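User: I would like a close look at one part of this structure, followed by a walk through the parts around it and elsewhere in the chain. Please keep to plain description.

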Amino acid sequence: MLTAEENDLLCRVENGAPMGRLMRQHWVPALLSEEVAEPDGKPVRVRVLGENLVAFRDSEGRVGVLDELCPHRRASLVYGRNEECGLRCLYHGWKMDVEGNVVEMSSEPPESPLREKVKHKAYPTREAAGFVWIWMGEAEAMPAFERPPFSPGEDTKVSILKIRVPCNWAQITEGQIDSAHSSSLHSSDMVPARVESAGATETNWLRPSTDKSPRLQAERTPYGFRYAAIRRPIKNAATHDYVRMTVFVAPFISLIPPNSSYNVASVIVPVDDETTAFHFIAWGGASCPDTETWRKFNSARPGIDLDADYNCLRTLENDFGQDRQAMKAGNFTGIKGIPNQDIAMWVSMGAIVDRTRDTLGASDLAIVEFRRLMVEAARQVGSGGPAIGTTEPRIPQVEIASYQGIVPKTTDWRTLGGGSGEAETRKAS
């Protein structure tokens, strides 16, 4: 368990909190490119790390992410006109380009020098892997943009679902790096089978193990940590282990063990202290599903499972659409979709879970590692130090990979996957 002070360090991202300052030393995946797909299209509200922003794609296809409120009289630019390479405020006609330059002031005399004196807040943007990434840190500290580990090349196929979840980012991340829960919560969707490797069908995922109590081992890395959940395989259990290795790339990305058809990742971005943008991703591989198929598989389709703002239609108030008759018929949770099962657990904990009261066991080693790592990282930033993952030695993100497979018991899991670092290894007792 954590102290209340440690829990705040881990969770809080607003108003200059150390964790929020840590995240601002990384490129932030602020929204999906599809949200601003159309040049001169509708501006989009974006809220990241407690800041209200507006995003738009201009006439030339460039994406701007600006402070939502006009620098003139602070009216919302979400209602503005996106036209001729700029966003024009409806109130008095002031117009800003993607870099925050005020290019027109309709309400001011033509000879007024005011336009040269005003600069609107605008964050630098990059597009990659289906996201618009923004730099929210100090301009002089902005690093070169680096492709994320779930999109090592521009031609990598990436399918993303997005859900706004009404709870803190840390309990969602803990859920993504918790291998043990999958054998219970997702047991109707991740089905044990006599297969050589984890697989995927149109309706579920197959897993070559019935073992619900994995042995965990963790290794710290320069970018975060990775850990192995080691289970008994269904076949050759005397001589082999089934290894699922999960990787946490601080502060936003988790690489989840893949299957034989495609890789899996999540990107978790705080909207504010009590709301999170959760992205679940299928990528790469010969049989990676397209976006619509991926969203249907996970019961996370806008207009069907989600509203237009990516909020779940299954909520705490309607018990997440849980079907008790389906449970009696054999479905473990009665909730459709792997992410929705997770969301029911995350949201039921409250907006910010009280970690002073939880009880952890051997299967929670990765949770302990995450909390310890990120509390230490927040304290370092709070005392003026650099953010985790921004100092040497650095491992390029495209070299980082998760892993799953059946291997001989003599195999050291640290040699599997990609992205090993100088390790501090902790074994579950």
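Which are the buried residues of α7?

Analyst: This is a predicted model, and what follows should be read with that in mind. The buried residues of α7 are I338, P339, N340, Q341, D342, I343, A344, W346 and V347. The helix spans residues 338–348, and 9 of its 11 residues are buried, so α7 is largely enclosed by the rest of the structure. Buried here stands for a relative accessible area under 20%.

The cover over these buried residues comes from several elements. Among the strands it includes β12 (158–165), β13 (190–192), β15 (205–207) and β21 (275–283). Two helices also take part, α4 (169–176) and α5 (291–297). Just after α7 comes G350, whose phi is positive, at about 105 degrees.

One of the covering strands, β21, leads to the next part of the picture. β21 pairs with β20 in the antiparallel sense, over 9 bridges. The two strands are joined by a hairpin through 2 residues. Like α7, β20 has few residues outside the buried class: 9 of the 10 residues in this strand (263–272) are buried, so β20 too is largely enclosed by the rest of the structure.

β20 has another antiparallel partner in β19 (residues 253–256), with 4 bridges between the two. Here a hairpin of 6 residues makes the link from β19 to β20. S266 of β20 shows how the three strands line up. It stands opposite S254 on the β19 side, while its bridge partner in β21 is F280. As general background, strands of a sheet pair through backbone hydrogen bonds, either parallel or antiparallel.

The loop before β19, which follows β18 (240–249), contains P251. The peptide bond from A250 to P251 is cis, with omega near 0 degrees. A cis bond is also found from E392 to P393, again with omega near 0 degrees. P393 sits in the loop between α8 (365–382) and β22 (403–408).

On the other side of β18, the loop from β17 (224–231) holds N236. N236 has a positive phi near 60 degrees, although it is not a glycine. N236 is exposed, with a relative accessible area of 51%.

E14 makes a link to D273. E14 lies in the loop between α1 (4–11) and α2 (18–23). Its side chain reaches the backbone nitrogen of D273 at 2.9 Å. Leaving aside residues up to four places away in sequence, E14 touches R47, L49, G50, D272 and D273.

The rest of this account concerns a span that carries a record. In an unreviewed entry, UniProt lists residues 27–134 as "domain: Rieske". In the model, the end C-alpha atoms of that span lie 6 Å apart, and the span is 4% helix and 41% strand.

An open sheet of 3 strands has the order β1-β11-β10, with antiparallel pairing. β1 (27–32) and β10 (125–128) stand at its edges, each with a single partner strand, so one side of each lacks a neighbour in the sheet. On average, neighbouring strands of this sheet are turned by 35 degrees against each other, direction ignored. Between β10 and β11 (residues 131–135), which run antiparallel, there are 4 bridges. Within this pair, E127 has V132 of β11 as its bridge partner.

An open sheet of 4 strands is arranged in the order β5-β6-β7-β8, also with antiparallel pairing. Its edges are β5 and β8 (102–105), each with a single partner strand, so each has one side without a neighbour in the sheet. β5 and β6 are joined over 2 bridges in the antiparallel sense, with R81 opposite R88 in β6. The loop between β5 (81–82) and β6 (87–88) is where C85 is placed. C85 is a residue other than glycine with a positive phi, near 60 degrees.

To return to the part you asked about: α7 is largely enclosed, with 9 of its 11 residues buried, and β21 is one of the elements that cover those residues.

Definitions and conventions: Residues are numbered from 1 along each chain as its sequence is written. This is a predicted model: local features need pLDDT of at least 70, side-chain atom pairs count only at pLDDT 80 or more; totals for chains, interfaces and linings use all residues. Side-chain values use heavy atoms; hydrogens and water are left out. Two strands pair if DSSP finds at least two bridges between them. Axes are lines fitted to C-alpha atoms, for helices over the stretch in contact, and angles run from 0 to 180 degrees between N-to-C directions. UniProt positions are given in the numbering used here, feature names are shortened, and annotations may be inferred rather than shown by experiment. Buried means under 20% relative accessible area, exposed over 50%, partly exposed in between (1.4 Å probe, protein chains only). Contact means heavy atoms within 4.5 Å. A polar contact is a pair of N or O atoms within 3.5 Å; within protein, one must be able to donate a hydrogen and the other to accept it, and residues adjacent in sequence count only if both atoms are side-chain atoms.
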